[in-house]
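Student: Got a minute to go through a model with me? I'd like to start with the cysteines.
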Amino acid sequence: SGLHKKLAMWHLAFCLCFLLVPINSQVQGNATVGFRTAFDTNAVVYLEQGQHKVTVSGVSLTNFVQADVSAGLWSISADIGNSKNQALGTLSLIANKDYGVAIYQGTVGYSQVNFILDSSPIDLDKARVYVSNPGNVPISGSSKECYDCLPQVITPPFYDFHSDWDFEFFFNGSRSLVVSSEDDGQYVLLLDDSTPLNSSFFQLVPPRRSWSTPLWVLLGVILGAITLYLIGNFIYDRFFNKPIVSTDYEDKSKTSSRVMSLDTFRGLAITIMIFVNYGGGGYWFFNHSLWDGLTVADLVFPWFIWIMGTSMAFSYKNIKLTRDNAKDLIYKIVRRTIILFALGLFINQSRDIVNIRIPGVLQRFAISYFVNAMVLLLVPKWEPTKKNGISTIQDSDLEGGSGRKKSEYERFLNESDNFVSKHEWAADVLPYIFQWLVMLCFLAAYLIMQYTVPVPGCPTGYIGPGGLGDQGKYFNCTGGAHRYIDEKFFGLNHIFQSPTSQELYHTGPHDPEGLLGAFTSIFLCFIGNQAGRTIVHFKSNYKQCVARWVIWGSFFGLLAMALTYGTQWTGPIPINKNLWSPSFIFATASMAFFALSFCFITIDVFKIWNGAPFVYMGMNPILLYCSHEVLNSWPPFSWHVYEDTHAQLLFMNAFGVSVWLVIAFKMWYDGFFVVI
């Protein structure tokens with residue numbers, strides 16, 4: 001229809017306008033070979049291959065010889081001296097269109113120094129250092145992000161290291177040098193032959209790849225797209241105004257009780273999840289933490305768990321277990337659990353059935369859902385025994401009536417009535433106090449198993465990354481009891497073989513969705529359920545809802561800070577997504593409370609925003625999640641990138657997400673929703 005086409009046009013303008021982002025925004029120009037002497041930090045010689053030009057600063061060149069070769073290889077050689085006309089040696093620069101060689105033979109301070117610019121490509125977010133070590137001084141190094149790591153031996157001629165974090169060089173085990181670098185930069189590490197512990201680190205070739213430009217360009221285009229979308233949305237609301245369909249509650253015909261902010265928050269989470277799963281443009285903060293710490297990518301999974309608990313508050317608010325419905329209710333819970341778990345196994349996409357990975361994202365959803373559903377169904381609420389102010393316990397049943405003395409249980413019920421009636425402000429907490437006690441048992445079980453289960457060859461209670469961490473003393477102890485329990489329960493070949501800690505810490509297999517972490521995810525789901533109960537009890541008073549969410553968010557945020565001492569590594573329980581540590585679920589729950597508060601105020605209360613485009617994603621979360629996992633390697637969601645740059649990867653990943661936004665919009669418009 002014409003309306004459909006107009007809506008699609010505006011949404012496409014919002015989602016696809018970043019096509020304007022240049023596919024390759026790395027710094028353009030002629031290949032450059034640079035050289036800097038170790039005797040004068042201001043002495044620089046650059047050779048610009050395309051222009052056949054030498055730029056000299058701080059040094060003098062004599063006996064200059066330049067040769068042009070038809071094959072494209074050319075060279076410059078000269079004697080080099082400082083500003084005082086002291087001879088420093090001979091410099092030779094050779095380059096073609098692909099690589100360069102800079103050779104220096106010194107006469108002062110160094111017997112011979114050679115720098116060879118290797119032609120092999122440098123991986124994304126890495127830098128290359130050329131090592132000049134004429135005295136064969138033992139050199140080792142370690143990334144500062146690799147906490148308390150055993151330094152690795154560095155040998156000439158070059159070494160590639162992560163440029164996202166500072167890197168520390170160690171000389172002879174007695175002195176260190178901390179350096180900062182840029183993506184694709186090439187540097188030189190000089191060690192003085194006469195004084196081995198004197199070192200110099202400087203840039204040899206400037207980086208060609210731009211790190212931040214693609215992000216700024218994309219941000220600008222998205223802001224422009226939002227402006228266009230808001231204009232289109234204004235026209236749409238003014239002239240068409242099609243209401244958004246409800247899918248949260250079990251009775252889908254009741255659209256008036258829709259909490260749009262919850263759909264929007266869910267949609268935001270799955271949008272970010274798809275983006276980071278597709279690669280996040282290759283940026284480290286759009287990828288999971290290497291071990292301790294928190295990145296954007298670490299937020300979305302726990303947010304989903306939390307949101308699932310919030311939605312369950314609506315589904316179970318009026319359900320009571322009876323003999324008539326018990327079988328049917330439990331069947332539905334078990335059925336949904338099995339479907340989620342089976343979908344998770346399918347998404348793991350392993351043709352090797354013998355070694356298929358058993359844990360996973362949807363498997364964790366299934367476990368969290370099952371336990372929470374059974375607790376909500378089976379653990380009784382603390383409900384008043386008074387109806388309309390009249391006790392259901394008759395006077396004849398009490399002392400002085402039929403002659404039977406009031407039982408202790410009856411006394412407790414009456415006292416409970418008085419207590420609950422006096423604390424209406426806690427109506428979303430007190431009736432569920434027994435459920436809270438059960439869930440706290442799961443949290444306690446996590447801590448008990450993590451810190452008391454003996455692991456062969458590892459200290460009891462170890463929660464480090466193993467590998468190179470802790471100076472390599474516990475190499476095969478990654479995650480301590482976590483991996484040990486998974487290995488015994490699932491088998492080593494059935495857990496994740498390539499954890500995020502592997503590249504930097506050189507660890508073995510470890511599963512971030514392992515069995516022990518399910519205990520804290522169960523508790524996180526229940527925390528989300530608490531947010532939903534607040535809506536159920538206080539939806540008519542938005543100030544009550546927001547105030548309670550802010551209090552809960554502040555409480556869990558402060559609790560997370562207390563457990564971590566506000567640091568990444570030194571607290572008693574660091575934030576760790578690989579282990580789903582208590583501080584991790586508290587921190588992410590805190591952010592979720594604040595995020596839902598913002599969405600609730602802007603969408604459901606003041607209606608400043610209708611939640612688009614994320615609200616469309618939030619109405620088909622399981623379908624979109626499964627589909628993006630299965631189709632992630634197919635166009636138009638991804639394609640082969642011929643050169644790994646942030647610009648190309650960011651464009652491809654953002655484009656893939658935008659396609660899913662369009663698909664979600666189409667499903668909403670057609671009223672197509674998939675629920676389990």
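Tutor: Sure. Keep in mind that this is a predicted model. By the distance rule, the count comes to 2 disulfides.

Student: OK, what pattern do the disulfides follow along the chain?
Tutor: Counting bonded cysteines along the chain, the pattern is 1-2, 3-4. One disulfide joins C146 to C149, with S to S at 1.7 Å. The other one I'd point to joins C458 to C477, at 1.9 Å.

Student: What's the handedness of the C458 and C477 link?
Tutor: Left-handed, with -95 degrees about the S-S bond. C458 and C477 both lie in the loop between α8 (433–452) and α9, so the pair ties together parts that are 19 residues apart in sequence.

Student: And C146 with C149, which hand is that link?
Tutor: Left-handed too, at -65 degrees about the S-S bond.

Student: Are C146 and C149 buried or exposed?
Tutor: Both are buried. C458 and C477 are buried as well.

Student: What about C545, buried or exposed?
Tutor: C545 counts as buried because its relative accessibility is 0%, and the cut-off for buried is under 20%. C599 is buried too, with a relative accessible area of 5%.

Student: Switching topic: where does R483 sit?
Tutor: In helix α9, which covers residues 481–489. R483 is buried yet has no salt bridge.

Student: Huh. Which side chain of opposite charge is nearest to R483?
Tutor: E487, 4.6 Å away. That misses the salt-bridge cut-off because the charged atoms must be within 4 Å.

Student: So what does the R483 side chain have for polar company?
Tutor: A polar atom of the R483 side chain lies 3.0 Å from the backbone oxygen of P509. Leaving out residues up to four places away in sequence, R483 touches N476, T478, I495, G508, P509 and H510.

Key:
Residues are numbered from 1 along each chain as its sequence is written. This is a predicted model: local features need pLDDT of at least 70, side-chain atom pairs count only at pLDDT 80 or more; totals for chains, interfaces and linings use all residues. Side-chain values use heavy atoms; hydrogens and water are left out. Helices (H or I, at least four residues) and strands (E, at least two) are DSSP runs, numbered from the N terminus. Buried means under 20% relative accessible area, exposed over 50%, partly exposed in between (1.4 Å probe, protein chains only). Lys and Arg count as positive and Asp and Glu as negative; His and the chain ends are not counted. A polar contact is a pair of N or O atoms within 3.5 Å; within protein, one must be able to donate a hydrogen and the other to accept it, and residues adjacent in sequence count only if both atoms are side-chain atoms. Contact means heavy atoms within 4.5 Å. A disulfide is a pair of cysteine sulfur atoms within 2.5 Å.
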